[in-house]
Amino acid sequence: MRSVPSILHLDMDAFFAAVEQAAKPSLRGKPVIVGGLGGRGVVSTASYEARKFGVHSAMPMAQARRLCPNAAFLTGRFEAYRQVSELVMGLLRELSPLVEPLSLDEAFVDLEAGPHGELLADVGPVAAPELIVAIAADLRADITERTGLTASVGLAGSKLMAKIASEQAKPDGLVLVEAGQERAVLATMPVRALPGVGPATEQVLRRVGLEKVADLAAAGEAELVQLLGRSHGLGVFQMSTGQDDRPVVADRDAKSVSVEDTFEVDLLDRGRVLAEIDVLAARCIRRLHASGRSGRTVVLKVRRFDFSTLTRSETLRAPTDDETVIAEAARRLALQVDITGGVRLLGVGVSQLADFTQEDLFAQAEQAERAERAATPEVLEEVRAEPAPVVEETRHWRPGQDVTHAQLGPGWVQGSGVGRVTVRFETPQSEIGRVRTFAVEDPELTPSRPQPLRPGMVLPEEAYGDG
């Protein structure tokens with residue numbers, strides 16, 4: 001345990017919803033709920049205004065609508081969230097090279113490893129906390145100035161206590177746990193406050209009268225090991241006494257890249273399943289390209305109508321980032337799965353990641369084989385005999401989506417249906433905008449990239465895939 005509270009944990013407040021409020025003047029101060037809007041969608045983030053009604057993340061969206069029917073319900077704009085996240089993470093890296101991102105809106109920072117490290121060592125453990133608080137306060141002010149958003153910060157001598165402190169600081173606050181105060185801070189907290197103590201573990205502990213963290217510490221290591229098993233019991237005991245010597249690890253290496261979709265209506269047709277797999281493979285590849293990686297193992301996830309979940313995998317001869325190769329492998333895996341009764345969720349992922357690709361010849365051979373099959377006389381004759389199908393494409397507009405009108409400028413989609421789409425024309429720097437309705441096929445209305453939240457805000461140049 002450190003004698004100086006030099007580990008910082010930053011957590012952006014209601015991040016997705018806060019970005020939407022910052023981007024849309026008409027939503028500021030109002031309940032905003034971001035997530036999947038279909039019948040099986042769940043809440044990703046709720047603004048603090050919505051949380052007053054009992055809405056929280058991971059709640060079914062249908063329940064959120066009942067609790068807070070007047071909220072703005074929006075789909076996620078992951079490009080916008082990633083842009084803001086990159087800016088915030090950049091500010092953290094100015095404080096230290098040891099920044100450990102946990103998600104788009106959350107990270108640990110080791111302040112001793114940064115430019116303030118020598119000064120912290122010079123002032124000693126008595127004066128260091130005051131300096132650390134000043135550094136964290138400046139960081140929070142910089143984030144608000146650059147993005148218009150707020151962040152909560154916890155400071156402590158360990159990652160465990162820094163994260164607990166940031167939870168206590170929410171929303172828009174700063175809490176420091178001084179060295180030696182860890183057990184006192186933890187004592188009155190419920191056991192669920194400890195990471196890794198979920199509902200099942202909580203029930204086991206409650207049955208023997210262990211409800212507070214202080215109860216766990218008093219019970220001792222032996223009893224917790226007997227109740228929870230060697231590994232879990234030892235970990236829970238160490239956390240209950242504030243013990244945590246995990247270092248901040250920069251740029252944690254992802255083990256896989258994956259995407260998945262849950263469908264409002266179960267998929268019954270294998271052709272539709274294969275088409276959705278192609279879409280998922282394309283999204284997965286965009287994420288793979290954005291990370292500069294390749295992968296050797298293709299993984300397919302299928303959740304059937306009865307909630308049973310199957311995974312199938314195929315390991316290629318070498319790492320690849322070729323969309324054709326990965327999509328074909330995922331399709332082969334799908335043919336091994338019985339879809340009788342319907343499919344409610346599909347996922348495509350790539351694991352065994354590498355920083356290089358040796359699959360170019362494999363990809364070219366795969367493409368050449370497909371082209372050769374398509375060029376056989378039998379296939380060509382079949383194509384000539386069958387008229388090309390007429391495909392009617394309907395444009396889909398998602399609530400919250402960024403759009404631009406050729407005459408009226410930038411805005412965002414409030415809703416759509418029955419062939420119409422409603423748009424509110426406003427930007428982060430404008431007044432509350434007016435609302436107009438158009439036909440969904442209006443040629444003057446087009447999707448657009450997110451607007452900067454602040455004048456002069458520099459956005460990353462990368463084209464992020466959808467989320």
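This is a short dialogue on reading helix packing and a loop glycine in a predicted model.

Student: Where should I begin with this chain, and how many helices and strands does it have?

Tutor: Happy to start there. The chain has 15 helices and 17 strands. Of its 467 residues, 46% are buried.

Student: What share of the contacts comes from residues 24 or more positions apart?

Tutor: Counting contacts with a separation of 6 or more, 62% join residues 24 or more positions apart. As for the outside, the accessible surface is about 23300 Å², and carbon and sulfur atoms hold 51% of that.

Student: Let's turn to helix packing. At what angle do the axes of H10 and H11 cross?

Tutor: The general idea is that an angle over 145 degrees counts as roughly antiparallel, while 65 to 115 counts as roughly perpendicular. Here H10 (residues 221-228) and H11 (residues 230-240) cross at roughly 140°, and their axes come within 7 Å. The pair is therefore oblique. The crossing of H10 past H11 is right-handed.

Student: Which residues make that contact?

Tutor: From H10 come Glu221, Leu224, Val225 and Leu228, and H11 supplies Arg230, His232, Gly233, Leu234, Val236 and Phe237. Sorted by class, this contact of H10 with H11 has six nonpolar, two polar and two charged residues.

Student: And how do H8 and H10 pack?

Tutor: Read this pair in the same steps. H8 (residues 199-207) packs with H10 at about 120°, and the axes lie 11 Å apart. H8 and H10 are therefore oblique to each other, and their crossing is right-handed. Thr201, Val204 and Leu205 of H8 meet Leu224, Leu227 and Leu228 of H10. By class, the contact of H8 with H10 has five nonpolar residues, one polar and no charged ones. Look at Leu224 and Leu228 in the structure: these H10 residues take part in the contact with H11 and also in the contact with H8.

Student: Now the loop glycine. Where is glycine 341 found?

Tutor: Glycine 341 sits in the loop between helix H13 (323-334) and strand S12 (343-354).

Student: Is glycine 341 buried or exposed?

Tutor: Buried means under 20% relative accessible area, and exposed means over 50%. Glycine 341 has a relative accessible area of 37%, so it is partly exposed.

Student: Which residues does glycine 341 touch, leaving aside its neighbours within four places in sequence?

Tutor: Glycine 341 is in contact with Asp266, Leu268 and Phe305. You can also check aspartate 306, 35 residues away along the chain: its C-alpha atom lies 8.2 Å from that of glycine 341.

Methods
Residues are numbered from 1 along each chain as its sequence is written. This is a predicted model: local features need pLDDT of at least 70, side-chain atom pairs count only at pLDDT 80 or more; totals for chains, interfaces and linings use all residues. Side-chain values use heavy atoms; hydrogens and water are left out. Helices (H or I, at least four residues) and strands (E, at least two) are DSSP runs, numbered from the N terminus. Buried means under 20% relative accessible area, exposed over 50%, partly exposed in between (1.4 Å probe, protein chains only). Contact means heavy atoms within 4.5 Å. Accessible areas come from the Shrake-Rupley method with a 1.4 Å probe; for residues, only the protein chains shown count as cover. Axes are lines fitted to C-alpha atoms, for helices over the stretch in contact, and angles run from 0 to 180 degrees between N-to-C directions. Angles under 35 degrees count as roughly parallel, over 145 as roughly antiparallel, 65 to 115 as roughly perpendicular and the rest as oblique. A crossing is left-handed if the near helix is turned anticlockwise from the far one by less than a right angle, and right-handed if clockwise. Ala, Val, Leu, Ile, Met, Phe, Trp, Tyr, Cys and Pro count as nonpolar, Asp, Glu, Lys and Arg as charged, and the others, Gly among them, as polar.
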